[in-house]
Amino acid sequence: MTSLGQPHSQAETTRPNVLLILVDDLKPALGCYGDPVAQTPNLDKLASRGMRFDMAYCNQAVCAPSRFTLMLGSHSTSTGLYGLGSQLRQIVPDAVTMPQYFAKHGGYRTESLGKVFHIGHGNEGDPVSFQVPHFKDKVIEYLDPDSTDGGKLTREEALFTNQKLGQIRSLPRGAAFESPDVADDQYADGRVAAETVERLRAAKNRMSEDNTPFFIAAGFVRPHLPFSAPKKYWDMYDPMKLPMPSNVSFPRDAPNVALKRGGEIAAYKPVPEDGNVDEALKRELIHGYYASMSFVDAQIGKVLSEFDRLELGENTIVVLWGDHGFHLGDLGIWTKHTNYEQANRIPIIISAPGVTKPGTSTKQLAETVDLFPTLAELAGLPAPSGPQPIDGQSLVPVLKDPAARVRDHAYHAYPKQKLGRAIRTERYRMVQWLSQGEDPSNAVYELYDYVNDPNETQNIAAKEPEILARLQEMLETHRPPVGKNQNRR
């Protein structure tokens with residue numbers, strides 16, 4: 001077998017398969033990332049097989065744009081795909097997505113299951129990216145009738161199924177959490193896991209017949225709200241021992257444009273519509289997040305167990321990726337949609353046989369856009385070149401040597417009344433807030449020091465002009481941002 005990452009003819013050897021595991025709203029609150037409470041044995045086991053990226057970041061902390069950055073290798077500021085309702089083929093019609101690229105250049109059979117591209121809010125995903133019809137299942141799901149006022153269509157259910165999009169505020173709110181005593185496959189993630197197992201079995205059979213390599217993207221939705229998970233996963237945690245946020249105030253001297261209250265969390269009952277969560281509800285929401293995380297860990301474990309039984313590990317690259325992080329009451333903020341650490345830091349784990357050493361980790365700053373060129377190089381494919389802008393860097397040198405460095409910062413952005421573009425180095429984060437076409441001299445800035453202030457209590461932009469200037473220079477190395485093409489929800 002040819003080593004991964006080396007160009008080769010398909011006639012000579014089988015290219016490595018790719019199993020891409022995507023998890024919605026998954027922050028690095030995992031056992032393998034040092035969380036002492038998290039019950040995530042299957043993801044911990046995956047990390048023990050490959051490399052854990054300790055400083056990985058999404059490029060925009062919103063579901064649809066983050067998934068576009070993954071599949072295109074392009075920042076949202078390079079494409080204009082900022083919104084939940086952004087239509088890929090309207091805005092970048094000739095784009096070649098990662099699965100399209102693998103099919104064209106490597107002869108891969110490409111398949112997708114669960115939440116891969118974002119579907120909802122008027123967005124239909126990108127069916128042409130995969131050769132096999134997408135296996136779709138629910139994102140917002142309830143089993144207890146009390147969660148939906150007796151079975152009514154809720155606001156978030158409507159948004160994620162493209163129903164009554166002009167009447168959302170007239171619909172009832174669904175519950176933020178439920179914990180029925182049911183089997184795993186009563187929820188979507190259990191069904192997606194079961195179908196992924198079947199797809200792996202079929203892929204193994206095809207490989208025996210004609211050596212066709214597979215590219216399977218399996219997307220899991222929990223711990224996305226609502227925190228709907230079987231009771232046994234709630235029972236894994238003592239709610240009184242869960243980690244609670246240590247800082248619930250906005251950073252001092254932060255500009256108003258950077259701040260957030262309410263938002264997505266207020267779409268769920270019993271959260272007050274102003275988003276102010278009391279201590280008891282805060283603990284219950286955090287309990288729901290951890291229970292949901294353990295539920296999805298168990299579903300991924302079923303997939304990986306079958307993966308091992310089929311002996312696919314010798315020639316399959318496995319990637320775990322969270323689309324963005326999640327605020328659990330830190331800074332008084334819930335969910336995502338900010339430029340702060342908890343919304344943007346993500347887990348990335350890569351197991352590449354013959355390249356990664358088991359149980360390794362790195363402090364290399366990494367971005368979502370890096371996965372496209374990284375996987376292409378591991379598969380022996382040419383480096384992707386578009387036609388969309390390719391902003392990612394291959395992480396293969398780091399996979400071979402955790403001390404290697406291919407970039408000195410990570411970049412991410414979030415659009416509000418102004419566009420916030422961020423530079424994250426190993427120690428600092430700078431955010432520049434500037435409207436499209438506005439004089440740069442009018443920009444407002446945030447600067448945080450994660451050595452001295454890991455909880456982002458103080459914006460020090462006005463106190464550290466030399467550090468700010470250095471990070472501004474890094475920001476200038478990036479493409480000028482394009483304007484918003486769709487309104488964000």
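Helices α7 and α9 run roughly parallel to each other, a label that goes to angles under 35 degrees (over 145 is roughly antiparallel, 65 to 115 roughly perpendicular, and the rest oblique). The model is a predicted one, in which local features need pLDDT of at least 70 and side-chain atom pairs count only at pLDDT 80 or more, while totals for chains, interfaces and linings use all residues. Residues are numbered from 1 along each chain as its sequence is written, and side-chain values use heavy atoms, with hydrogens and water left out.

Back to the helix pair. Helix α7 covers residues 188-210 and helix α9 covers residues 279-309; helices (H or I, at least four residues) and strands (E, at least two) are DSSP runs, numbered from the N terminus. Their axes sit 9 Å apart and make an angle of about 10 degrees, where axes are lines fitted to C-alpha atoms, for helices over the stretch in contact, and angles run from 0 to 180 degrees between N-to-C directions. On the α7 side, the meeting residues are Asp189, Gly190, Ala193, Thr196, Val197, Leu200 and Arg201. Facing them from α9 are Phe295, Val296, Gln299, Lys302, Val303, Glu306, Phe307 and Arg309, with contact meaning heavy atoms within 4.5 Å. Sorted by class, this contact has seven nonpolar, three polar and five charged residues. Here Ala, Val, Leu, Ile, Met, Phe, Trp, Tyr, Cys and Pro count as nonpolar, Asp, Glu, Lys and Arg as charged, and the others, Gly among them, as polar.

Glu306 of α9 gives a closer look at this contact. Its relative accessibility is 8%, so Glu306 counts as buried (buried is under 20% relative accessible area, exposed over 50%, partly exposed in between, with a 1.4 Å probe and protein chains only). Leaving aside residues up to four places away in sequence, Glu306 touches Val197 and Arg201. Val197 is 109 residues from Glu306 along the chain, yet their C-alpha atoms are separated by 6.3 Å.

A second helix pair is made of α5 (residues 98-106) and α11 (residues 371-378), whose axes come within 11 Å and cross at roughly 20 degrees. That makes α5 and α11 roughly parallel to each other as well. Their crossing is right-handed, meaning that the near helix is turned clockwise from the far one by less than a right angle (anticlockwise would be left-handed). Met98, Tyr101 and Phe102 from α5 meet Phe372, Leu375 and Ala376 from α11. By class, this contact has six nonpolar, no polar and no charged residues.

Strand β1 (residues 17-23) is home to Val23, which is buried at 0% relative accessibility. Not counting residues up to four places away in sequence, Val23 touches a list of residues that includes Arg67, Phe220, Arg222, Pro223, Val296, Ile300 and Trp321. Arg429 lies 406 residues from Val23 in sequence and 25 Å away in space, C-alpha to C-alpha. In the loop between β1 and α1 (41-49) comes Asp25, also with a relative accessible area of 0% and thus buried. Asp25 is not a glycine, but it has a positive phi of about 65 degrees.

Asn211 is another such case, with a positive phi near 65 degrees in a residue other than glycine. It is found in the loop between α7 and β8 and, at 43% relative accessibility, counts as partly exposed. For background, most residues other than glycine have a negative phi, and most peptide bonds are trans.

Cis peptide bonds turn up too. One joins Leu225 and Pro226, with omega about -5 degrees, and Pro226 sits in the loop between β8 (214-220) and β9 (227-228). Another joins Lys269 and Pro270, with omega about 5 degrees; Pro270 is in the loop between β10 (268-269) and α9.

The loop between β5 (123-124) and α6 (155-160) holds His134, which is partly exposed at 30% relative accessibility. Beyond residues up to four places away in sequence, His134 touches Ser112, Leu113, Gly114, Val116 and Ile119.

Finally, the cysteines. The structure holds zero disulfides, a disulfide being a pair of cysteine sulfur atoms within 2.5 Å. For Cys58, the closest cysteine sulfur belongs to Cys63 and is 10 Å away, too far for a bond. Cys58 is buried at 0% relative accessibility, and Cys63 is buried with a relative accessible area of 3%.
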